[in-house]
Every structure is written in C-alpha cells, then in structure tokens.
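Hi everyone, and thanks for coming along. Today I'd like to walk you through a structure that is probably new to most of you, so let's put it up on the screen.

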Amino acid sequence: MLAHAILSGLVFGCYFTLVGLGLNLIFGVMRIVNLAHGDVVMLGAFAAFWLFALIGLHPLISSVIVLAAFALLGLPVYYLVVPRLLAARDSEMLSIILFFGVQQIIEALATIAFGTSERSIPGRVLGRGPLHVLGQTLPVAWIVSAAVSLLAVALVYLYLYRSRVGTLTRAVMVSRDEALASGIDVHRVSALAFAIGVALAGLAGVFSPFMLGSATPAMGGDVNLAAFAVIVIGSLGDPRGTMLGGLIYGVALMLMQTYMSAWANLLPNLLLIAVLLVRPTGLLGRQVRRA
Amino acid sequence: MRRGVREFVTVALPLLAALALAPLVYSNELLLFNFIMFLILAQGLNAIYGFTGYLPFGYVGFFGAGAYGFALAVMHLDATPLPAMACAGVAALALGVVLTPLLRLSGAYFAIANLAAAQAVYQVISNPALQDITKGPYGVTLSSVFAPALSYGVALIILAATLILVAWLRNARFGLALQAIREDPVSAAMAGVAVVRGRTIAWLLSALIAGLAGGVFAWHISVFYPETAFDLSFSIFAIVFTLFGGAATQLGPILGVLLLYGLYNVIGITVPQYFQLIYGVLIVLLVLFLPDGLASLVTRRGFRVP
C-alpha cells in the first residue's frame, strides 16, 4: 500500500508540476499572480471535452490544438492588461485583484455557455487496461498524462536554458529594470512567457478529466490552490523548483489519501502555510521577506 | 484629532442614523442587516489593507471563526448572546494571533498564505470527523437565541465602533505611523516607528472586527452552514467594495458598499452569472483605470476625502 501510494504520488506529482508550471512562469517573469490560472485549466478541460464529444478527437491531438490556440489567446490578453498593470504602483497586489476579475468573467461565461453539469472523458480513450509498473498497477491514463507533463516540463526547460529567447527571459526574471536597460525587448519576452504560461494551463486542462475528475465551470478555485501549493513549495519563479514542489505535493497527497482520507483536502493549505512560514522563499528560493 | 471627530460626525453619523431608522420604513430587515455587515467588513478590511497595505485574501477566516465562536458558545456553554459575542471576538483574535507570523511575508505571498489559512480553518470546522463539536458540514441552528431586533442593534453598535476606529486611524499618530510603514517600512523603522508592533495591532484589530461581524451574523440569521460562514465572497466583496470606493478613507468603503452591494441586490439575486460577469468586468476596469478608487477622482484635484 505504501509503495502504491508513493508511486502513484510520483505520477500525480508529474501532473501537478504541469498544473503549476504556467502559473510559475508568469509569476517569475512578470511578478504578477494569475489568479485566473485554474479557470484557464478549466477552459482546457472543456476544450478537450467538446473536441472529444463532437468530433471524437483523441485527447493527445486536442492537446496540440489547445496548446496553440491558448497561446494565441494569451497574447492579446497580455497586451490588453499586463503593460498597464505593471505600470501601477503595487502591481503584484493589484494583479491578484485584477485576475480575480478575469476569473469571474471566465467562470460566468463558462457557466452561461456550458451550464453547471459535470463533463468527463472516459479514461479508456488514452489506452486500455491497467499498466504494471514496478510491481504496482496504475491506470494507463495516469501514465500518459504524467508522460505528457514530463515532456512539457522538459520543453520549458530547454526553452529557458537552451534558447536565446530563454536566456533573455531569465534575464527579465532576475531583474526587469536591468534587462530593460540592457536593451532587451521586455514586453516581447514577457508576452511570450505569458502566452506559454496560458498554453501550459490549457494543456494541464486537457488531462484534468483523467487526473482530477470531471470538469465543471467552478473547478478553477480548487485547481488554483493546488497550483499555488506546488509552486510555493518549490519557490515562486523557479521552474526547477516547480518539479520538486509538484513531486512533494503529489506524494504527500497520495499518502494523505491512503492513510488519513478524511483530512486529505486540508493538505495543500497546510503544506503551503508550513512552507511559507518555515522557509518563505520555497525550497529553492530567493528573498521574499520585507523589513 | 478634532478633524477626526468632524469626519465622524459628517460621514458616519448620518449613515448610522439612516440605518437605525430604516427598519421603520423598509420591511426587508435581512437586507439592511447585510448592508451593515458588509459595511463592517469593508471598514475592517480597510483598517488592515488601507493603512498597512497587507491584502488579507482570507479575511473571511476571521468572520467564520467569529460565527463559529458564537455558535459553539451557545451550543456547548449555553451562553446568552452577549457573552457569546465576546467568544466570537476572542475566537477571531485567537486566529489572528496564530496567523500573526504571516505578516512576515510580503505581497502576494501574504495574500495567498492568508487565503490558504482561511480555507484550512473552514476544512477543519466542516470536517465530518468533528461532527460532535461543530456539527461538521451539516450547519448549526441557534434558534434559542434568535432575536432579530436586538442583534440588528448590536450590529449597528459594532459598525459605529468600526467607523470611530477608522476615523481615529486617519487622524491619529498611530494611523500615520501605519501609513508610513505601508509606504516604506525601512524608512519608517529608521524614523522610530515600531513597525512590527504597529502592523500586529492593526492586524488584530481588523481580525477582531471581522470576528464580531461574524458573531452578530450568526446571531442574526441563527441557521447557517460552514460554507455560508466561510464563503470566499465575503473576502472578495469586502476587498472590492473597499477598493472601489478608495482605501484608507472613511467614505470610500461606505460608497463602495452602498453602490456595489446595491447593484448586487438589484441584479445578482435573480441571475447570478450575469452579475458575476458584470462584477468581473468592473473589477478589471477598476484595477486598470482607477486603482485608487472613486475617492482618487476627488483627491487627484486636491480635495481631502473624509
């Protein structure tokens, strides 16, 4: 039972890394909190559901479409909202409130368009039968979702550490002002990071019916809390930390569900507070305390 | 200080008088009570957000702690309403003390951690495993102390006290010290302001206010569920009302509550999705174009807003 909990925890951890990854990228580059992250995940889930229900598209193909479409959707949102927000006095704080507004808009439109009923995609679409891994049996859908998540993490890592734009992005992460002073087109770099962050949230959404259960327009809040716990454990702004945070979160969640299932939903909150109080920078972090 | 008294007399007294007389001419007392409750919550949030810059996203945690402090005192100690109100205040203060270390965090970290803390308290109270103590997710019934007129009056008194507090903060040395901390904690500390003590006092005061609001809410409606008492929209409403009117003023949050909560009651009850949509658009526009609230339209031209 312990081995099964840990193994499935690691598999879920990979997926939770993907859930936190986009949020973390946007915070790292722009120092704004995308509180609408969970709702973008929800939109991804609904996109996958409708593509599957209407034209029978395989979720792996939908995931490519969702990635591209959500990235394109993210760009105009960036230019409409973020430059103005970053010019404000306390942009980090205001971003929470602003994206809360965006979240309300998305949730309201989704409720009007889709109603409040739960939608799901059967797990067998991603492959039949349980899979035997290290002596444990896991659903194939979990493994496929985890594998896609790992692929996405690897691609983001390559983007940040092996490409020219990635180097510029990391420069903006370290210091926005100095990046601006050295002639980097900060807005282009940020817009790209924002689009990628939104696309990653959409991708996480495509696989959420298999990992988090059925999709409803109101699921965004819970997804947000999980995503925040993951990136705070890892440390805000650092993509490697997200992986660590995701794995810790996944394993802890599975252990809680196995041994103390009544209290399992407390976990993200307690982990988040504990990490923030003991090590406010996250496990791999930099300075966040003030005065 | 004389200006504080004048501000209280010109802004708060007419409001309090109107709310005290309103039940005589308007029969929907619950609606009036909700207005009072949101006025208290918005001003309580104003005391911490407006004056220190900390955005307590989980402000509803104190409200819920107060509501359950009241309910537990009535259910298990057979307390009469006024001692139970004291328990509500103590419960929220205790939660405030437990959460004081969160003040070490800055910006978004504080807001998120506070939100998580409120959720954690909710999950503990609503957990079926604690059904014997809190009645878990099934809610509490306090019909033995139900007294709508009296609780309405007590709510008004709490509102008056809160308004006095804000008028005092705006004009006293302590409030100025808090605003100095908000603008630049390091410089404030160098100028001899006790940064940690100032923040902590403001934090506990605003926790106490929310706890009392929660207690009087529990008393007035007397039947409620944990998801009602810990509804995140209490936090959100209080934040948006305060921001809309203008933080760190006395008039701003009042205007915010009257206009926006009024709007909510006109359209929100019948078609909640459309209200949610309008609300979202309003928040986005507000942050982008009027981040300092309605009051800034006037202060920008050099007038002082009470």
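**A kinked helix and its surroundings**

Let's begin in chain A, with helix α3(A), which has a kink of about 40° centred on A:Tyr78. Before I go on, please keep in mind that this is a predicted model.

Which residues of α3(A) are buried? Starting from one end of the list, we have A:Pro59, A:Ser62, A:Ser63, A:Val66 and A:Phe70, and then come A:Gly74, A:Tyr78, A:Val81, A:Val82 and A:Leu85. So you'll notice A:Tyr78 twice: it is the centre of the kink, and it is among the buried residues of α3(A).

And what covers those buried residues? From chain A, the cover includes α1 (2-30), α2 (37-55), α4, α5 (140-162) and α8 (186-211), and chain B joins in with α14 (272-289).

That brings us to the place where the chains meet. Here 39 residues of chain A are in contact with 38 residues of chain B. On the chain A side, the elements giving two or more residues are α3 (59-86), α4 (91-114), α9 (220-234) and α11 (267-278). Of these, α4(A) gives the most, with 16 residues. As for the character of this side of chain A, it divides into 29 nonpolar, five polar and five charged residues.

Now for two helix pairs, one in each chain. Two packed helices are described by the angle between their axes and the distance between the axes.

In chain A, let's take α1(A) and α8(A). Their axes come within 9 Å and cross at roughly 160°, which makes α1(A) roughly antiparallel to α8(A). The crossing is left-handed. Residues that meet here include A:Phe12, A:Tyr15 and A:Leu18 from α1(A), and A:Ser190, A:Ala193 and A:Phe194 from α8(A). This contact divides into 20 nonpolar residues, three polar and no charged.

In chain B, the pair is α1 (residues 2-25) and α7 (residues 148-171), packing at an angle of about 165° with their axes 9 Å apart. These two helices, α1(B) and α7(B), are therefore roughly antiparallel to each other. This time the crossing is right-handed. Among the residues that meet are B:Arg3, B:Gly4 and B:Glu7 in α1(B), with B:Trp168, B:Arg170 and B:Asn171 among those in α7(B). The contact of α1(B) with α7(B) has 14 nonpolar, two polar and three charged residues.

Let's stay in chain B for a couple of backbone details. B:Lys135 is not a glycine, yet it has a positive phi of about 65°. You'll find B:Lys135 in the loop between α6 (131-134) and β1 (140-141). Is B:Lys135 buried or exposed? B:Lys135 is buried, because 20 other C-beta atoms lie within 10 Å, and 20 or more is what buried requires.

B:Ala248 is another non-glycine with a positive phi of about 65°. Its loop runs between α12 (232-245) and α13 (251-268) of chain B. B:Ala248 counts as buried too, with 25 C-beta neighbours inside 10 Å.

One last stop, back in chain A: A:Val140, in helix α5. With 17 other C-beta atoms within 10 Å, A:Val140 is partly exposed. How far apart are A:Val140 and A:Leu126, in sequence and in space? They are 14 residues apart in sequence and 6.8 Å apart in space, C-alpha to C-alpha.

Technical notes: Residues numbered from 1 in each chain as written. Chains lettered and ligands numbered in written order. Predicted model: local features only at pLDDT ≥ 70, side-chain atom pairs only at ≥ 80, totals over all residues. Contact = placed C-beta atoms within 7 Å. Helix = DSSP H or I, 4+ residues; strand = E, 2+ residues; numbered from the N terminus. Nonpolar A, V, L, I, M, F, W, Y, C, P; charged D, E, K, R; others polar. Bend = angle between axes of the 7 residues up to and from the residue. Buried ≥ 20, exposed ≤ 12 C-beta atoms within 10 Å, placed from the backbone. Axes fitted to C-alpha atoms, helices over the stretch in contact; angles between N-to-C directions. Parallel < 35°, antiparallel > 145°, perpendicular 65-115°, else oblique. Left-handed = near helix turned anticlockwise from the far one by under 90°.
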